[in-house]
Structure formats: C-alpha cells, structure tokens
Amino acid sequence: MAGDPGRIEPAGARPPAIELRGIDKRFGAVHANRNVSLIVPAGTIHGIIGENGAGKSTLMNIIYGYYHADAGTILVDGQPITIRSPQDSIRAGIGMVHQHFMLVEPFTVLENVLLGAEGGVTLEEGAAKARETLQALERDYALEVDLDARIENLPVGVQQRVEILKALFRGARTLILDEPTGVLTPQEADHLFRILRNLKEQGRTVVLITHKLREIMAVTDNVSVMRQGEMVAHRVTAQTSREELAELMVGRKVLLRVEKAPARPGAPVLEVEDLRVTDDLGVERVKGVSFTVRAGEIVGIAGVAGNGQSQLLEALAGIRRPRAGRVTVKGVPVIDPAQARRHGLAHVPEDRLRMGLVRGFVAYENAILGYHVDKDYVDERGFLRFGNIVDTCKRWMAGYDVRPQAPQLQATSFSGGNQQKLVLAREMEHDPDLLLVGQPTRGVDIGAIEFIHRRLIAMRDAGKAVLLVSVELDEILSLSDRILVMFDGHFTGELSAAEADERKIGLLMAGVTAEAA
Amino acid sequence: MSDVWIQLVLLADSTLRLATPLVFCALAGMFTERAGVVDIGLEGKMLGSAFAAAAVASVTGSAWAGLAAAIVFSCMLAMVHGFACITHRGDQVVSGVALNIMVAGLGPTLADAWFHQAGRINVTGPSARFTPIELPLTETIGQVPILGTLYVELLSGHNILVYLAALALPLSAWVLYRTRFGLRIRAVGENPSAVDTAGISVEALRYRALLVTGALCGFAGAYLSIAQNAGFQRDMSAGKGYLALAALIFGKWRPVPAVLGCLLFAFADAAQARLQGVAVPGIGQIPTQLIQAIPYLLTILLLAGFVGRAIAPRAIGQPYVKER
C-alpha cells in the first residue's frame with residue numbers, strides 16, 4: 001500500500017514545492033499510476049526510484065502537463081493548480097529535463113532556449129535579452145555552453161545542460177530530471193550532480209528520477225520508491241541503504257552483485273583483426289580494432305552510447321559489411337548472418353524491437369527467426385512443422401520464465417523484459433559457440449535482469465564465448481572477465497575484472513588513455 | 001548582336017512569367033513541409049484556386065475578388081488536408097492525392113454546371129484580370145542601349161502577381177528565419193515533441209502553417225486563370241504543383257535554392273517553347289512532344305543525380321503522437 005507521505009517534514013517554513021494527492025492514471029489496460037501521493041519539500045533534492053515501468057516517468061509527465069491524470073490533485077508551492085498543458089506547469093515554475101532530450105538538433109543552443117519563450121514576434125527582439133539572461137545563469141550555476149553551437153554537434157552531457165538552461169530560462173523553481181545519467185559517463189554524471197547541488201543551494205528544488213541506486217545515495221536528500229504504479233515508501237536518504245531501497249523497488253530481496261566463479265578461458269573463438277566499419281552515412285565509426293574472445297569467458301565492451309559499439313556489433317554479426325579487417329569465428333570468416341549462424345554464432349541485437357523480433361509476429365514465429373530453415377522446424381517439402389515449433393517455444397518460455405506463457409501471443413503484447421528473454425532463449429538454445437549480446441537488459445526490470453545475468457554466466461560456464469556490449473557500467477563490471485573500453489571507434493584500454501573499477505573505466509570512456517592519465 | 005540580346009532578354013522574360021506560379025507554390029509547400037506535413041496537394045490547391053479565381057472574377061468582374069476567392073478556397077482545401085492529417089493523423093500522401101483527384105474532377109464539373117462553357121470559364125473584361133503594368137519612365141530608359149532593353153522587356157510589363165512573387169521570396173525567408181512563427185515552424189518539423197514540451201500546441205502550429213500554404217497557393221492559382229490566361233480550363237495546372245514540389249526538394253526545403261529550382265524549371269519550359277519547330281542540324285525537326293517533356297525530364301535528372309542527399313525535415317510525414 002501507499003506509504004506515509006507525512007514522514008518527510010517540509011524544510012523550514014516554505015510549503016512543499018510539489019505535493020500530489022491521489023494521482024491516478026491509466027493507459028488502456030495499463031494502470032500506470034495508482035492513487036499516488038507525494039510531498040517534495042522546497043529546496044531539496046528528491047529522488048524517485050523504481051524499476052522500468054513502475055510509473056515514475058508517467059507521474060512526472062503528469063506534473064509537467066504532458067499527460068493528464070484521471071484523478072487526483074496537484075499542489076505547487078502549497079496552492080492547488082490545474083495543469084492542462086506544459087504551458088501551465090511552466091507558468092507554475094516547473095521545468096523538466098526529459099529522458100530523451102526535447103531539443104531541435106539542427107538549431108543552435110540559443111534557438112532551442114528561445115523556442116516557446118521568444119519574447120517577441122521577431123527573433124531579434126528576444127535574442128539579445130535572452131543572451132544576457134543566459135550568460136548570467138551559466139555563471140551562477142556553472143552551466144557552460146556555447147550559445148551559438150548547433151545541438152547536433154554537442155556531446156550529450158552538454159545537450160543536457162542546454163535542457164537545464166532551457167528550464168531555468170523559463171523561470172523554473174522546481175526542476176524535474178528523468179533518468180538524466182543514462183547517457184553520461186560517470187564523470188559527466190558527477191558534474192551534473194554538482195550542478196544539481198548548486199541549484200539546491202540557490203534555493204531551487206530538484207526531483208531526480210532514476211533506477212540507479214548509486215545516484216540516489218550520492219545526491220538526494222529524500223527518496224520515494226515506486227513499484228507497479230504505486231508509491232510504496234518514502235525515506236530520508238541518510239537513513240536508508242541501497243539494499244533496503246532495492247528490496248522496496250522489487251518487493252523481495254535481490255542480489256545486487258552477480259555471484260560467479262573465476263573464468264576458465266579456453267581456445268580463441270572470435271578473432272578480430274584491424275576491423276574498420278563505416279555507418280550508413282559513410283562515416284568511419286570503428287577505426288581499426290583487434291581483439292579475441294575465448295571459450296569460457298565473458299568479454300565486456302564498455303563505452304558511452306554512440307562510440308562505435310553498435311556498428312562493431314553489427315559487423316561481427318555479419319549484418320554490416322566492414323570496410324576492412326577480418327572477423328573469424330573458430331577460424332571461419334564471417335560473411336553474412338545466416339552463414340555466421342551456421343558456424344555457431346548467435347546474436348542478441350541491441351535493439352530487440354527493430355532487429356531482434358518482428359513486432360507483428362506471434363511468439364512462436366519469433367522464436368525460430370533466423371533458424372527457420374532448421375530441420376526441426378521445417379520439413380523436406382518446405383512446410384513449417386507448427387506442432388514442433390509451438391512445443392519448442394512453450395518449453396523455452398517455461399525455461400526462461402517468459403510471461404505470459406502464450407506462444408500464440410503477438411511479440412508486442414509482451415513487456416520489454418519478456419521480449420528480451422524470448423530473444424535470449426532463441427539465441428542461447430541453438431547451442432552456439434559464440435554469443436554476441438548487445439544491451440541485454442535495456443528496458444528490462446530488475447527481477448529479469450538478475451535472471452538474464454545468471455543465464456549469461458551459465459553460458460560462460462558451459463564453455464561458450466560471450467561478447468557483451470553494454471552502456472550500463474554496473475552490468476559490464478559485474479559480468480565481464482575482461483573489459484574493453486571503446487571511445488570514438490578505438491579501444492582506449494583493456495582491464496581485467498580484478499583491476500577494473502568505475503573511475504578507471506569512466507576515464508577511459510571519456511577518451512583519457514592510460515598513458516595520458 | 002542586339003538581335004541575340006533581345007532574344008535572350010525575351011527568354012528571361014518568359015522564364016519569369018512561367019516561374020511565377022512555381023515560386024508561389026514552392027514557397028507555399030515550404031511552410032507546410034518545414035512544419036512536418038507532406039503536401040503533395042499543392043497541385044490540387046493551385047488548380048482549385050484557379051477555378052475559384054476564374055469563377056468569381058467572371059461573375060464580379062473584379063480580379064481582386066477573384067484573388068480573394070482563390071485564397072479562401074485554397075485555404076479551405078488546406079484545412080481539409082489538415083483535418084485528415086493533423087487532427088485524424090491520416091496518411092499525408094493519400095490525403096494530398098485525394099485532394100488533387102477531387103479538385104481535378106470537381107473544377108470542370110462545376111464550371112460546366114454553372115457557366116455552361118463545356119467545362120471552361122472564360123474571364124473577359126478589363127478589370128476581371130490582372131493586366132501588365134508599365135513601370136515608370138519606360139520611354140526614357142528604353143532609349144539606353146542594352147540596359148534599356150532589360151528594363152523595358154524584362155522588368156517592366158508584368159502583372160502585379162509576378163512582382164508579388166518576387167516579393168514573396170524575401171518575405172517568406174524572413175518569416176521562416178527571423179520570426180517567432182518561423183522558428184516554431186522549423187522546430188515542429190524537426191522535433192514536434194520539443195515544441196509540445198515547450199508549451200506550444202503542435203496541432204495549432206501545423207494548421208497555421210497550412211493556412212500560409214493555402215494563401216500562397218491561392219496566388220499561384222489566381223495567376224494561372226486570371227493573369228496568365230483568360231479563364232479556367234480542365235487540368236490547366238498541368239503538373240506545375242508537382243514541379244514546384246520537386247523544386248522545393250531540389251532546394252532542400254530552403255527558400256532561395258527552391259526558388260532557383262523554380263527558375264530553372266521555368267527556363268527549361270521557356271526554352272522548350274522556343275525550340276518547338278526548330279530544325280536541329282543532322283536530326284531534323286524534333287517532335288513537339290519530346291521537347292515539351294524537357295522540363296519533366298530535367299526534374300527527374302536533377303532529383304536523381306544532382307541534388308545529393310536532400311535532408312528532409314526530420315519529422316516530415318509522421319503524424320504527431322505523444323510518446324508513451
């Protein structure tokens with residue numbers, strides 16, 4: 001049931017920056033928010049934590065006026081207000097930095113900030129004044145940004161600062177940040193936290209939504225936990241622990257660290273020599289990398305998204321033709337995905353909805369994609385053996401805890417975690433020698449993450465080679481036996497599991513190599 | 001020498017005349033498409049407003065009333081497009097094509113029913129059409145060699161709509177790049193979510209862009225039926241709406257390059273008119289149909305080869321739905 005919102009006392013005499021009473025919201029059959037109440041004291045950093053799909057973003061989007069609550073009251077600075085659109089909440093002094101930035105990429109920073117707050121019919125009228133205001137804001141909050149740079153040329157960390165500037169420029173006294181660190185290196189995240197503390201010192205209120213326990217502990221004053229659309233607990237950060245929060249999030253005890261025996265690497269399975277790969281626009285994204293993955297080990301590739309990992313993975317799987325270099329699996333060159341599969345390569349793509357599944361297909365059809373020519377699934381005349389296929393799918397769904405266990409259901413009817421488990425089952429159950437896996441737990445809830453991690457370790461222990469590409473540093477650290485860090489198409493370093501830590505990897509992710517550090 | 005010069009000036013002169021509807025139309029399309037809505041219905045709006053202009057001008061005897069009717073009717077068509085694509089999130093290409101087909105049939109049918117001139121509307125009378133305007137001092141400046149010819153033949157003697165088209169270019173560019181409305185239009189075509197979260201209604205903005213498009217198409221249509229020609233006839237837009245759209249894409253959705261594209265197509269059209277009946281040494285007389293196809297062949301060539309990668313507004317063609 002809902003926790004007691006009264007536990008967090010308002011700081012000083014100021015009324016709470018935001019108070020929610022009985023917010024309820026449904027999207028069709030999904031009950032995203034159930035009778036949620038929340039008090040965010042003014043002048044604090046308030047964390048909202050919960051698994052993917054717990055309803056955090058929905059709740060914040062309701063405060064921001066992007067969605068409309070079916071029921072409930074919103075109070076800002078102690079006054080009940082009606083929020084019909086973002087315009088209402090901007091006027092009430094609320095700003096939001098969305099998980100996917102709401103920036104116009106070909107525009108300059110200044111144009112993005114001006115959009116919706118132009119200050120006149122022509123741009124010239126507002127621009128000069130805005131420039132002054134922004135420079136003052138940049139100074140006060142250490143938010144350095146070149147106002148005339150184009151968004152598409154800025155790194156994500158800076159784009160995020162633009163979003164914060166945008167909100168402050170509109171007079172936000174309360175700033176909501178939705179999963180702000182997903183795209184940042186640990187160092188960039190620390191910079192962000194400094195900015196947030198700065199905002200707090202100047203009397204503003206910050207609401208931080210995240211599913212990362214580290215961030216909650218590092219920066220918040222209070223924390224509220226959501227689970228399955230409900231607000232389940234409110235805590236003072238200093239009086240709680242990671243373990244307690246994790247348990248509250250999931251509703252049962254969870255192991256935060258994956259337990260595993262030391263690796264026993266065998267013969268090389270995947271060998272890559274001087275691989276160069278270009279993207280669709282012809283830009284070189286992988287700039288000559290060489291490495292080996294052996295049987296019985298997990299090699300993790302860490303890096304901020306967009307540093308060539310996607311193109312690397314696609315080239316290894318045979319989906320993207322490399323510009324130069326050699327990729328072999330057990331000595332056989334990879335030519336195309338079907339041929340690679342025949343030689344023992346399995347691939348769990350980064351984007352399961354685009355490459356891992358066919359949305360409109362049912363589960364059992366998806367379960368054999370890429371293996372549909374196997375004799376198990378198709379007879380000599382080329383007809384599908386439906387009985388076999390459905391039975392196999394059912395067996396896997398039971399073994400991988402895919403819920404609901406309904407082979408006839410369309411792929412899109414499963415949650416992200418269950419889709420992912422279906423893809424994993426398909427790729428793991430065809431007895432590959434090498435498993436390439438990209439972002440295995442993106443958009444997957446904690447319970448399923450634990451399961452997927454244990455499966456990957458089991459693959460390794462069965463003597464398979466596993467290559468893991470992930471932007472989640474925790475995941476890389478807890479699974480990998482060796483870690484390669486990718487930056488701008490190169491490997492900036494290789495670390496063994498024993499010597500790796502967040503700080504070292506963070507520096508390598510930012511392109512600071514061992515020699516330079 | 002001066003004979004060649006005069007020929008060239010006359011060629012440029014007819015290029016301007018032929019470019020006028022294309023320029024209006026391409027600039028019209030620019031507003032809608034930069035706002036993220038595909039407008040293949042430029043052709044239909046132009047043809048529809050040509051009909052409205054001719055009908056009203058022939059009844060009232062006033063060209064200006066005809067122009068106003070053209071603008072109103074074109075805006076109404078644009079609103080239908082908006083209702084289908086913005087409010088109901090229908091397919092933008094299908095809606096545009098549907099409008100084109102509807103107008104192509106409706107114009108001649110109504111013209112026949114109302115005016116009984118076999119699907120045509122003849123517009124006669126001095127004030128029912130926009131007539132050429134003599135710029136001041138043509139007598140005097142005409143005496144100056146070479147440049148005088150330029151002034152008299154090229155700059156002077158067009159109807160008001162040609163001059164308005166020339167004015168529409170800087171005005172459109174200014175609106176698009178220097179005003180709040182333009183900033184929002186460009187933003188909504190690139191990332192409507194950014195506009196929505198900035199507290200601006202995506203739907204209202206796109207409707208307003210469509211109104212601008214409707215108005216500009218009205219000018220194009222009126223030019224066809226009550227300035228360039230003396231009346232409305234079946235299919236008189238003859239694909240010019242599509243040509244304008246091609247010029248817009250050729251110009252990468254930017255005003256100046258798009259207008260240059262229009263001028264190029266108009267020049268090809270003007271040149272083909274002069275090439276008809278000319279015997280080419282060694283080949284003989286080229287069939288008229290082949291020559292008439294030149295502007296269209298040019299379109300295909302340009303779009304296929306010379307444009308390079310035309311980067312469209314990122315959100316073009318996608319109805320806006322809030323992410324879930």
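**Exercise 1.** Place helix H5 (residues 156–169) of chain A against its sheet: which strands does it lie across, and at what angle does it run to E6(A)?

Solution. H5(A) lies across E6 and strand E7 (174–178) of chain A. Its direction is at about 170° to E6(A), with axes fitted to C-alpha atoms, for helices over the stretch in contact, and angles from 0 to 180 degrees between N-to-C directions. Contact requires C-beta atoms, placed from the backbone, within 7 Å. Helices (H or I, at least four residues) and strands (E, at least two) are DSSP runs, numbered from the N terminus.

The model is predicted: local features need pLDDT of at least 70, side-chain atom pairs count only at pLDDT 80 or more, and totals for chains, interfaces and linings use all residues. Residues are numbered from 1 along each chain as its sequence is written, while chains are lettered from A and ligands numbered from 1 in the order in which they are written.

**Exercise 2.** Give the strand order of the open six-stranded sheet in chain A and say which strands stand at its edges.

Solution. The order is E6-E7-E8-E3-E9-E10, with mixed pairing; strands pair if DSSP finds at least two bridges between them. E6 (94–97) and E10 (230–236) of chain A each have a single partner strand, so one side of each has no neighbour in the sheet. Inside the order, E3 (residues 45–50) and E8 (residues 205–210) of chain A pair in the parallel sense over five bridges. Ile45(A) has Val206(A) as its bridge partner in E8(A).

**Exercise 3.** Which elements of chain B give two or more residues to the side that touches chain A?

Solution. The contact takes 18 residues from chain B and 23 residues from chain A. On the chain B side, the elements are helix H8 (180–190) and helix H9 (192–197).

Note on methods. Contact = placed C-beta atoms within 7 Å.
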